[in-house]
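Visitor: I'm new to this one. Could you pick a single part and take me through it slowly, close up?

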Amino acid sequence: MVRRPVAWVVAVVLFAEALGIALLNWYLGTVVDRQNMSLAGLDPHLMSSSSKIGGIVFGLYFALCGLVALLVAVRGRRPAGLGRILLISAAVVHGLLGAFAWGLVGWPQFLFMMLVLALIVLLLMTYDGQGGPEPADATPDGTKGDGGSPITPGPAPTTP
């Protein structure tokens with residue numbers, strides 16, 4: 001099955017992205033603080049602090065989404081409730097980030113965002129049709145049997 005490997009890959013990518021986002025925003029906050037310049041009258045220390053806080057919050061958000069994907073990979077069950085909502089919101093965020101990346105940064109970053117979006121959607125879709133445990137009278141091909149032993153058909157009855 002492809003479900004568990006996809007969940008593992010999504011978890012690793014989201015954890016790496018959480019760390020990357022947090023470090024990037026922390027670095028940008030440090031650069032703004034060292035510049036000691038004002039943007040439209042804003043306090044440089046305020047801009048630096050908000051960049052660092054935003055990076056931490058966004059990093060924690062992606063780490064939480066990665067934790068949901070990790071739990072899906074370990075348990076082998078689909079995400080439910082808040083976990084499913086988190087993964088759906090992460091897919092939407094990656095779609096929006098991809099659109100911004102296309103316009104502001106370039107197509108390689110757009111492709112990365114779309115790859116992560118596709119992985120999250122694949123994770124959600126592969127576990128979507130999964131039902132409960134298999135019934136006791138199921139046949140090996142996955143169809144529901146009649147519960148009895150297999151009967152070999154005899155000759156067809158003839159009508160007089």
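Guide: Let's start with Phe-110, which counts as partly exposed at 22% relative accessibility (buried is under 20% relative accessible area, exposed is over 50%, partly exposed is in between, with a 1.4 Å probe and protein chains only). Keep in mind that this is a predicted model, where local features need pLDDT of at least 70, side-chain atom pairs count only at pLDDT 80 or more, and totals for chains, interfaces and linings use all residues. Residues are numbered from 1 along each chain as its sequence is written, and side-chain values use heavy atoms, with hydrogens and water left out.

Phe-110 belongs to a wider story about rings. There are 4 aromatic pairs here (Phe, Tyr or Trp rings, the six-membered one for Trp, with centres within 6.5 Å; planes under 30 degrees apart are stacked, over 60 edge-to-face, the rest tilted). One of them joins Tyr-61 and Phe-62, a tilted pair at 5.3 Å centre to centre with 45° between the planes. Tyr-61 is buried at 19% relative accessible area, and Phe-62 is buried at 0%. Phe-110, for its part, pairs edge-to-face with Trp-102, at 5.0 Å centre to centre and 70° between the planes. Trp-102 is exposed, with a relative accessible area of 53%. Back at Tyr-61 and Phe-62, Phe-58 joins them in one aromatic cluster.

Another ring has a charge for company: the charged end of Lys-52 sits over the ring of Trp-26, 4.7 Å from its centre (the rule asks for NZ of Lys or CZ of Arg within 6 Å of the ring centre and within 35 degrees of the ring normal).

Tyr-61 also leads us inward. It is among the residues that touch the most other members of the 25-residue largest nonpolar core, along with Val-10, Leu-14, Leu-87, Ile-120 and Leu-123 (such a core is buried Ala, Val, Leu, Ile, Met, Phe, Trp, Tyr and Cys joined through side-chain atoms within 4.5 Å). Helices 1, 2, 3 and 4 each supply at least two residues of this core (helices are DSSP runs of H or I, at least four residues, and strands are E runs of at least two, numbered from the N terminus). Helix 2 gives the most, with 7 residues.

Take Val-10 as an example: leaving out residues up to four places away in sequence, Val-10 touches Ala-69, Leu-119, Ile-120 and Leu-123 (contact means heavy atoms within 4.5 Å). Stepping back, the protein chain has 4 helices and 0 strands.
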